[in-house]
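Please take a moment to look through the structure shown here, and then follow the paragraphs below, which lead from its aromatic rings to the confidence of the model.

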Amino acid sequence: MPKSTLSKPPFHTVLVANRGEIARRIIRTLRRLGIRSVAVYSDADATAAHVQEADIAVRLGPAPATASYLRADAIIAAARDTGAEAVHPGYGFLAENADFARACAEAGLVFVGPGVEALEIMGDKIRAKAHVAAFGVPVIAGAAELEPGAGGEAELVAAASALGFPLLVKPSAGGGGKGMQEVRSATELPAALAAARRIAAAAFGDDTLLLERLIERPRHIEVQVLADGHGTVISLGERECTLQRRHQKVVEEAPSPMIDSVTRQRLGEAACAAARSVDYVGAGTVEFLVSAEAPDEFAFIEMNTRLQVEHAVTELVTGIDLVEQQLRIAAGERLGLGQDDVHIDGHAIEARVYAESPERGFLPATGRMLCWHEPHGEGVRVDAAARTGDSITADYDPMIAKVIAHGDDREQALARLDAALADTVVLGLDTNIRFLRVLLAEDAVLAGELDTGLIARMPQLLPRTTAPAAVLGAAASTLAAALALDEALDDRVASAASPTWLRADAWRIGGAQPRTFTFLVGDGEPPVEVAVAPGEEGISTARAEDGNIWVHAAGETYELRPWSRRELLERQLAGRVRAEASTVPDVRAPMPGTVVAIAVATGDLVAAGDTLVTIEAMKMEHPATAPHAGVVHLGVAVGDLVARDQVVAHVVAAPAEGDIP
């Protein structure tokens with residue numbers, strides 16, 4: 001944990017208006033400072049780690065954020081009832097909500113963040129750009145929607161023509177890249193405006209939009225600032241946040257490998273100028289786009305008026321606890337350090353571990369975590385709220401943990417991070433850990449030659465088609481142990497009636513356990529017969545409720561499915577049917593979520609790749625597209641809840657030219 005600069009606790013009791021790893025992170029500093037902590041929770045989080053670690057916990061409401069973590073009235077009531085003097089909002093939810101900050105003040109509570117005016121100005125990207133530009137901070141050329149509704153849309157269409165393409169459509173409210181749409185031609189603009197407006201309304205309650213010129217191959221650099229209520233504003237150096245996917249940060253580091261000392265000073269001065277322009281108080285982050293071709297040229301994007309997800313890398317290279325500084329500044333104390341006291345020590349890199357399926361286009365994954373093991377080692381820090389047995393649901397962001405590594409230099413930090421990711425065990429649901437390790441090994445990443453489109457240009461991460469013998473043996477051993485413990489499975493295995501277990505040749509009713517099993521190792525691969533092998537050190541296994549076996553070994557995670565003889569025969573038959581069919585008519589939901597848009601009507605003729613239905617989950621939208629040309633028949637309506645792989649439409653192939661219909 002970063003060092004403390006002062007010793008006297010600034011508050012007696014603080015309510016943390018958030019959940020998950022950020023709530024645990026804040027509670028950790030509260031405990032170290034001797035401050036009583038109050039957690040809040042939804043029904044989905046009743047047994048969560050942050051609830052159990054706090055001194056007091058208060059229920060807010062049902063699982064949906066709108067009925068719990070976004071209920072300002074319930075949070076303020078909880079603070080009053082528990083005697084809290086201050087509310088720390090963390091990030092996300094109400095962290096940048098000016099109305100919430102105002103309500104806290106009216107209730108006599110200290111909001112651990114900036115003043116209402118700073119929140120209002122910087123919370124509106126349109127207003128923020130114009131405001132900081134007046135104080136000499138460089139900005140990107142763009143246009144804002146001044147009139148809501150159809151009039152505003154007409155303004156944006158006209159402005160796009162004047163600005164030229166490519167453009168970026170952005171929600172004015174909120175942050176985190178949510179709702180951003182790249183537009184490369186006038187024909188793409190209407191759909192991009194509609195999607196951005198829909199996401200902005202759902203995520204931020206404000207669907208106002210703006211346009212910006214899209215800078216090709218930029219770097220995303222942000223500067224951490226601290227400002228007290230006595231006129232002192234300092235910068236704590238920059239963070240490189242260029243490695244992004246769909247405008248969402250994936251890997252962050254400090255300092256940037258491409259910023260020289262002169263540019264670093266200029267960036268810091270510009271960030272402090274932006275903070276001073278709104279009389280900023282607390283910890284904040286000013287974000288810039290930097291040209292990859294001209295790294296000394298930069299332009300303001302926005303200011304995040306809160307603690308950032310990636311704040312840990314700054315803490316590790318400066319030794320400053322940003323949460324403590326937030327608390328002390330909110331209590332009216334002066335900063336205990338000046339600009340000359342800020343020194344950068346070594347290098348730190350953070351990777352965000354998500355429950356998602358890279359092989360399925362990074363769709364969020366949900367399910368129960370059968371096993372969680374966080375890595376340890378020199379220079380390694382893990383900010384997480386994960387525990388074995390926890391469930392990842394579609395109610396909240398799918399981030400499981402942040403794995404961070406610090407080293408004497410960038411090379412050492414990268415090596416330590418890769419080793420830490422290899423030792424991070426998540427069994428029971430898909431994660432992006434394998435993808436992160438592939439990304440960190442990219443030549444461009446190792447060389448520090450980054451731009452925001454790098455991940456999009458990477459080759460597709462293909463599913464595994466093989467598993468080492470040790471992995472298969474461990475899976476067989478786990479399956480044999482499960483059979484030994486569950487006598488109810490005996491008859492099913494012996495009679496080969498189970499849809500899950502394969503009857504082994506060595507099986508004897510009432511006798512020895514089976515010594516061989518058949519597993520499906522990868523899609524499109526033939527099943528593999530495996531003998532039970534003794535477990536090896538360093539291998540973790542778990543059996544899921546659906547019967548699948550999860551194995552972690554040598555830094556890799558595998559999901560293996562046992563196959564029965566009946567299933568093998570059915571699979572062979574299905575393969576023949578698919579081979580004889582020219583098309584598959586079903587269009588399935590790529591993820592569990594809500595249908596938010598339908599682009600066609602039943603009976604329409606569509607082309608291969610056309611978007612039919614758009615599904616939203618975790619504030620992200622994903623299209624379900626036509627597999628081939630034909631006539632569409634819809635099976636869902638806007639507002640419907642769908643499960644992963646649920647059929648949402650059929651596309652009946654149009655007859656070929658010359659065929660008799």
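Are Phe362 and Phe435 buried or exposed? In this predicted model, both Phe362 and Phe435 are buried. The centres of their rings lie 4.9 Å apart and their planes stand at 80°, so the pair is edge-to-face, since planes over 60 degrees apart are counted in that way. Phe362 sits in the loop between β16 (356-357) and β17 (363-364), whereas Phe435 belongs to helix α13 (residues 433-440), and the pair thereby links distant parts of the chain, 73 residues apart.

The model holds five aromatic pairs by the rule applied here. Among them is the pair of Phe288 and Phe298, which is edge-to-face, with 5.3 Å from centre to centre and 80° between the planes. Phe288 lies in strand β13 (residues 282-291) and Phe298 in strand β14 (residues 298-304), so this pair ties together parts that are 10 residues apart in sequence. Phe288 and Phe298 are both buried. Elsewhere, Tyr69, Phe93 and Tyr396 form one aromatic cluster.

It remains to ask how confident the predictor is. The protein chain has a mean pLDDT of 87, and 87% of its residues reach 70 or more. Over residues 576-582, however, pLDDT stays under 50, and the model has zero contacts for them beyond four places in sequence. Residues 656-661 also have a pLDDT below 50, and this stretch has zero contacts in the model beyond near neighbours in sequence. Where pLDDT is low, the predicted coordinates should not be read in detail.

Conventions:
Residues numbered from 1 in each chain as written. Predicted model: local features only at pLDDT ≥ 70, side-chain atom pairs only at ≥ 80, totals over all residues. Heavy atoms only, no water. Phe/Tyr/Trp six-rings, centres within 6.5 Å; stacked < 30°, edge-to-face > 60°. Helix = DSSP H or I, 4+ residues; strand = E, 2+ residues; numbered from the N terminus. Buried < 20%, exposed > 50% of the residue type's maximum accessible area, 1.4 Å probe, protein only. pLDDT = per-residue confidence, 0-100. Contact = heavy atoms within 4.5 Å.
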